[in-house]
Every structure is written in C-alpha cells, then in structure tokens.
Amino acid sequence: MSTPSPPGRSRIAALAVALAAASALTLTACDDDSGGSSSSSETPSAPDTASFSGNAASALESVKASVRAEASKRAASASAAASSFEASVSAEVEGANKAARTELAKVDGAGNAMSDVTMTGKPRSETGGLLAVVVTITNKTGKTASYAVQVDFLDSSGKVVETRYVGAEDLEPGQKAQPVAVSRKPTEPVLTPKLAKAQRY
C-alpha cells in the first residue's frame, strides 16, 4: 500500500507541469505562419549591459553630498566668524559695559548725555552676520567724564526684545570712544537698534 504524497509535493508537481506547458506554448508562438521561425532581425535584441556604467545615481549622490558639505562648511565658518567678532568686542569693553549697566540702573529717564552719543550700523560682512552698531561717544564737556549707554533692539512692532549696555571711562574733553553694541538674537526677524539712555558721570 503506497503512502500518499504530502500536499506540498503535490503542489510543486502541479506547478512544474504548468511551467512545462507554458514553455511549450511559448516555443510554438515563436513559429510564423509558414512553419519557420522568425528571423533574428525581427526579434528585439537585449540591451548591451556592458555599456552601462551604473554610476549616474552614485555621481548625483556625490554632488549632493558635496553641496551639503560646502553649505555646512560655510555655516560653520559664519558661526565661527560671528563668535570671533563678538569675543573680540567683549574682550575690549567688558569692564566698561558692566560699569555702564550699573550706572544706568540709577538713572531715571533718558539720561544727561543723549546729545553726546550717536550710533552707526556696522556691515554684517564684518560681524559674521551679527547685527552690531558702533556707538560713538564724544565728551563735549570741559572736564574728564565717563559714559554709560543703553541700546535697545526693537522688533517690527516696536517691542524691545534685547538690551545691550556699552560705556567709555575717563574720556578727556573732546575725546571720542566707539564701543560696539552687538545683538545676540537670530538674524531673522530683523531688529532695529535704538539709543535708549546715555548718562555722563
């Protein structure tokens, strides 16, 4: 008594028969009406894969990677330039700026030296992209004096979003100082600097 084949083997056998039949039909279809086979010129030839380099996609990816690397390099360079500029400004005037903040805390109103101070924007190409203003302080009195200045940075609605303090100490009569007030806020939205207070002491 024979053992029945497992269901899996029966399916495989049936599939093999079906494939054999399909192959036979395909070979028959290749013959033309005259009983001969079609000429080789009528049969499409397979592409010559040897002529394909397969490098187009990889070359495109290489270009994209190069562009990304260059953008990243420029961003890092701009950030480094901004940090370097701010560090140089801070190192020069940090002491005077602290004194200016302390002095202005005692002042009500705009202060007694608004007419001694002017402001000029500094090109972003020189500041690593940061918003910076040169605060020109001129001692217009006849004796040595120190100055404290407050610069506010306003948004488009006129709201103060940042305040910076700069100062100059022991200016001789007629002498000028030009500390720089630097905003630490992002470049967007664009802020507008405003001279808020100036005190001579």
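D170 is exposed, with a relative accessible area of 54%; the cut-offs are over 50% for exposed, under 20% for buried, and partly exposed in between, using a 1.4 Å probe and protein chains only. Before I go on, a word on ground rules: this is a predicted model, so local features need a pLDDT of at least 70 and side-chain atom pairs count only at pLDDT 80 or more, while totals for chains, interfaces and linings use all residues. Residues are numbered from 1 along each chain as its sequence is written, and side-chain values use heavy atoms, with hydrogens and water left out.

Back to D170, then. Its phi is positive, about 55°, although D170 is not a glycine. If you want to find it, look in strand 4, residues 160-171. Strands here are DSSP runs of E with at least two residues, helices are runs of H or I with at least four, and both are numbered from the N terminus.

Let me zoom out for a moment. The chain has two helices and seven strands, and along the sequence these follow the pattern α-α-β-β-β-β-β-β-β. Of the 201 residues, 27% are buried. Among contacts with a separation of 6 or more, 69% come from residues 24 or more positions apart; a contact means heavy atoms within 4.5 Å.

Now the sheet that strand 4 belongs to. In which order do the three strands of this open sheet run? The order is 4-3-7, with antiparallel pairing. Strands 4 and 7 are the edges, and each has a single partner strand, so one side of each is left without a neighbour in the sheet. From one strand to the next, the twist averages 20°; the axes are lines fitted to C-alpha atoms, and angles run from 0 to 180 degrees between N-to-C directions. A quick reminder for anyone who lives mostly in force fields: strands of a sheet pair through backbone hydrogen bonds, either parallel or antiparallel. In this analysis, two strands count as paired if DSSP finds at least two bridges between them.

Strand 3 covers residues 145-154, and its antiparallel pairing with strand 4 runs over nine bridges. Its pairing with strand 7, also antiparallel, has eight. Q150 is a nice residue to click on: its bridge partner in strand 4 is Y165, and opposite it in strand 7 stands K197. A little further along, D152 faces T163 of strand 4. Strands 3 and 4 make a hairpin with five residues between them, and G158 in the turn has a positive phi of about 90°.

Why is strand 3 described as largely enclosed by the rest of the structure? Because ten of its ten residues are buried. That holds on both faces: A145, Y147, V149, V151 and F153 are buried on one side, and S146, A148, Q150, D152 and L154 on the other.

Moving across to strand 7, which is where L195 is found. L195 is buried, with a relative accessible area of 18%. Leaving aside residues up to four places away in sequence, it touches M114, V117, M119, V149 and Q150. L195 and A110 are 85 residues apart in sequence, yet their C-alpha atoms are 9.0 Å apart in space.

For another buried residue, try T138 in strand 2, residues 132-138. Its relative accessible area is 15%. With the same exclusion of residues up to four places away, T138 touches D116, Y147, G174, Q175 and K176.

Last stop, empty space. Rolling a probe the size of a water molecule over the atoms shows where such space is left. A cavity here is a set of points, on a 1 Å grid over the protein atoms alone, where a 1.4 Å probe fits but cannot get out, and lining residues have an atom within 4 Å of a point. How many cavities of 30 Å³ or more does the whole structure hold? The search finds one. The largest cavity has a volume of about 60 Å³, the volume being the space filled by probe spheres set on the points, which are joined across faces, edges and corners. Its lining includes R124, L131, K185 and P189. By class, the lining has six nonpolar, three polar and two charged residues; Ala, Val, Leu, Ile, Met, Phe, Trp, Tyr, Cys and Pro count as nonpolar, Asp, Glu, Lys and Arg as charged, and the others, Gly among them, as polar.

One of those lining residues, P189, comes with a cis peptide bond: it is joined to E188 with omega at about -5°. P189 is in the loop between strand 6 (180-182) and strand 7 (192-200).

Terms used: On a 1 Å grid over the protein atoms alone, a cavity is a set of points where a 1.4 Å probe fits but cannot get out, and a pocket is an open set with protein on both sides within 12 Å along at least five of seven lines; lining residues have an atom within 4 Å of a point.
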